[in-house]
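Trainee: I would like to go through this structure with you and ask how each label is earned. Could we start with what the words mean?

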Amino acid sequence: MYLEKINSPEDVKKLNIEELEKLAEEVRRALMNRLTKKGGHFGPNFGMVETIIAMHYVFESPKDKFVFDVSHQTYTHKMLTGRKDGYLYEEHFSDISGYTNPEESEHDLFNIGHTSTSISLASGLAKARDLKEDNENIIAVIGDGSLSGGEAFEGLDYVGSELNSNFIVVINDNQQSIAENHGGIYKNLEELRNTNGMAENNLFKAFGLDYIYENEGNSIEKMIETFKKVKDIDHPIAVHINTQKGRGYNIAEQNKEDWHWCVPFDEKTAKTTINFGDGEDYATLTADFLLDKMKKDKTVVAVTAAMPKTIGFNIEKRKQAGKQFVDVGIAEEQAVALISGIAKNGGKPILGTNSTFIQRTYDQISQDLCINNNPATIVLNNTSVAGLNDVTHLGIFTISEFSHIPNLVILAPTNKDEYISMLEWSIEQKEHPVMILMPGNGVICDGRKADEDYSNINKYKVEEKGEKVAIIAAGDFYQIGEDVSKTIKEKLEFTPTLINPRYVTGLDNELLEELKKDHKLVITLEDGLLDGGFGANIASYYGSAYIKVKNYGLKKEFIDRYDVKDILIENRLTSEQIVDDIKMLLV
């Protein structure tokens with residue numbers, strides 16, 4: 001077995017072509033071993049095996065520096081740089097992350113999980129190299145639709161016109177993003193593929209880069225030849241390669257969207273080995289609701305930035321929606337400005353994506369959308385500590401990030417009925433830009449009826465009137481609030497007031513004043529950071545009052561690959577811990 005003997009790129013260089021091809025087979029077996037048991041990014045990694053082997057064969061990492069865009073296609077890179085055990089042996093799976101990580105290896109330059117950043121990051125490495133008068137190769141690898149992101153264009157623009165030294169951009173052209181590619185740049189890539197790189201219209205040359213094309217991106221021999229041609233080059237060049245996403249697993253080759261990322265599965269049947277049950281999920285609920293709206297109203301349009309399944313739009317549902325569904329590619333800034341324009345001109349747009357990706361659009365939300373106060377809707381998935389848990393994909397910053405923007409109304413539903421009611425109201429109202437936080441604790445149907453009208457902005461809902469302690473529990477932490485209330489009744493023998501704030505962008509001053517009359521303590525619960533969060537605003541309101549306030553949420557830190565239960569305990573977010581605190585605070 002060759003892979004077991006690979007401890008560094010130097011070991012790769014000792015192999016001949018035939019041995020390298022066997023190594024590629026072993027790498028795919030190791031990928032399959034980890035992915036069937038743990039899940040992860042399937043298609044991007046299976047498609048890049050040969051290219052990454054060739055990169056390490058030709059270049060001199062870590063002297064030569066690799067920057068992988070998103071870094072979700074670096075599993076082979078990790079295997080060849082001393083981390084093969086994380087793929088060969090289940091007891092070592094947790095030793096490594098799914099992205100490049102400088103804490104793991106000197107061969108990883110950045111902790112990266114978002115898109116379209118590699119060229120810009122690598123250009124900084126190149127600039128520092130030139131200032132120091134060093135001579136290493138700088139290689140940025142980008143693909144999987146990442147070229148549609150604005151920062152990629154900014155990077156190409158800078159590199160092509162301002163960096164007159166060694167710089168290699170590897171364009172991994174697998175004709176796919178997470179879903180299908182969108183945008184004019186991909187028409188140019190298709191033209192270049194069809195002409196073997198000879199098309200007169202060449203985006204990369206237009207930016208000022210040199211250009212080379214290799215049609216056989218899954219051939220180790222061809223890729224070695226290609227990389228030898230550009231190694232130690234003295235100017236920027238785009239190396240455009242044609243690869244097959246999911247290569248080596250027929251089901252993934254034929255179903256690229258479904259196999260971009262996977263949960264644990266059975267290799268023979270391709271069926272998941274995790275039982276998700278037969279319950280509802282918010283993404284599917286959202287798509288079904290919007291499709292029904294679209295049938296009744298031709299001005300309703302769903303927009304996404306390469307994340308259609310975030311709001312449940314699989315291939316079939318995208319076909320049903322037709323022109324009332326828009327995918328702008330990996331370009332969230334474009335998506336926000338687009339929905340502002342649609343709303344301004346009488347349309348009813350709904351943008352759906354993961355909360356971690358909406359971070360890129362703070363300026364567009366503030367400037368293009370909220371200053372203009374256009375009534376567009378943004379629906380965010382994975383806004384919860386119970387959502388994506390890689391450090392690069394956290395959704396726990398959402399409330400702190402956006403709740404301070406004027407005119408923006410952020411709604412935090414607490415169950416299915418409330419979510420659907422808020423979505424319906426938001427689409428039809430004409431007064432505000434609205435952001436809805438999709439609950440992260442499952443679809444809850446608890447019998448509480450939701451209001452139909454949310455026009456009375458920042459009016460909280462008292463779910464149960466009590467005394468002494470007021471529990472203001474937002475969004476999917478409402479259920480923790482319910483548990484706290486129940487425990488107080490059982491252990492402290494009084495009924496607290498339980499409040500569903502619904503809005504996390506403002507205060508219900510009237511209700512907060514009313515609580516002063518017969519409450520000694522107010523506690524707040526939010527699925528997000530305490531710093532700059534919803535609860536901090538309530539604590540500030542009561543600053544000069546004779547009433548105690550205790551905020552519960554998450555401390556400001558980057559957390560990575562965590563267990564949700566552990567994080568809740570560390571932040572004293574279990575009902576038992578909260579009630580213990582309440583006992584002390586009421587003394």
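Mentor: Happy to. Two strands are said to pair if DSSP finds at least two bridges between them. Keep in mind that this is a predicted model.

Trainee: What makes β12 and β13 a pair?

Mentor: β12 and β13 (residues 434-437) are joined by 3 bridges, and pairing asks for at least two, so the two strands count as paired. They run parallel. For one of the bridges, look at V409, whose partner in β13 is V434.

Trainee: Which helix packs on the sheet at that end, touching β12 and β13?

Mentor: That is helix α19 (residues 416-428), which also touches β8, β10 and β11. Its direction makes about 165° with that of β13. Angles run from 0 to 180 degrees between N-to-C directions, so a value of about 165° puts α19 and β13 in nearly opposite directions.

Trainee: What is the strand order of the sheet that holds β12?

Mentor: The order is β9-β8-β10-β11-β13-β12, with 6 strands in parallel pairing, and the sheet is open.

Trainee: Why are β9 and β12 said to stand at the edges?

Mentor: Because β9 (325-327) and β12 (409-411) each have a single partner strand, one side of each is left without a neighbour in the sheet. On average, neighbouring strands here are turned by 20° against each other, direction ignored.

Trainee: Which strands does helix α15 lie across?

Mentor: Helix α15 (residues 332-344) lies across β8 (300-304), β9, β10 (348-354) and β11 (377-381). Relative to β10, α15 runs at about 165°.

Trainee: How do you know that β11 is mostly covered?

Mentor: Count its residues: 5 of 5 are buried, and buried means under 20% relative accessible area. The cover is on both faces, with T377, V379 and N381 on one side and I378 and L380 on the other.

Trainee: How many bridges link β11 to β10, and how many to β13?

Mentor: β10 and β11 share 5 bridges in the parallel sense, while β11 and β13, also parallel, are joined by 4. Set against the requirement of at least two bridges, both counts qualify as pairing. L380 shows up on both sides: L380 is the bridge partner of T353, and L380 stands opposite L437 in β13.

Trainee: There is another open sheet. What is its order?

Mentor: That one has 5 strands in the order β2-β3-β4-β6-β5, and the pairing is parallel. Its edges are β2 (65-68) and β5 (210-214), each with a single partner strand, so one side of each has no neighbour in the sheet. Here too, neighbouring strands are turned by 20° against each other on average, direction ignored.

Trainee: What makes β2 and β3 partners?

Mentor: 4 bridges join β2 to β3 (residues 138-143), and at least two are needed, so the pair qualifies. F68 has V141 as its bridge partner in β3. Helix α9 (residues 184-194) packs on this sheet, touching β4 (167-173), β5 and β6 (236-242), and its direction makes about 75° with that of β6.

Trainee: Why is Q364 called buried?

Mentor: Its relative accessibility is 15%, and the cut-off is under 20%, so Q364 counts as buried. Q364 is found in helix α17 (residues 362-370). Beyond its neighbours within four places in sequence, Q364 is in contact with E333, V336 and L369.

Trainee: And why is E91 called exposed?

Mentor: E91 has 61% relative accessibility, and exposed means over 50%, so the label follows. E91 lies in the loop between α6 (85-88) and α7 (118-132). From C-alpha to C-alpha, E91 and H77 are 20 Å apart in space, with their positions 14 residues apart in sequence.

Trainee: How many disulfides does a search of the whole structure find?

Mentor: The search finds 0, where a disulfide needs a pair of cysteine sulfur atoms within 2.5 Å. Two of the cysteines are C262, buried at 6% relative accessibility, and C370, buried at 1%.

Trainee: How do you know that the radius of gyration agrees with a compact globule?

Mentor: For 587 residues, a compact globule would come near 25 Å, and the protein has 26 Å, so the two agree. Of these residues, 59% count as buried.

Definitions and conventions:
Residues are numbered from 1 along each chain as its sequence is written. This is a predicted model: local features need pLDDT of at least 70, side-chain atom pairs count only at pLDDT 80 or more; totals for chains, interfaces and linings use all residues. Side-chain values use heavy atoms; hydrogens and water are left out. Contact means heavy atoms within 4.5 Å. Buried means under 20% relative accessible area, exposed over 50%, partly exposed in between (1.4 Å probe, protein chains only). The radius of gyration is taken over C-alpha atoms; the globule rule is 2.2 Å times the number of residues to the power 0.38.
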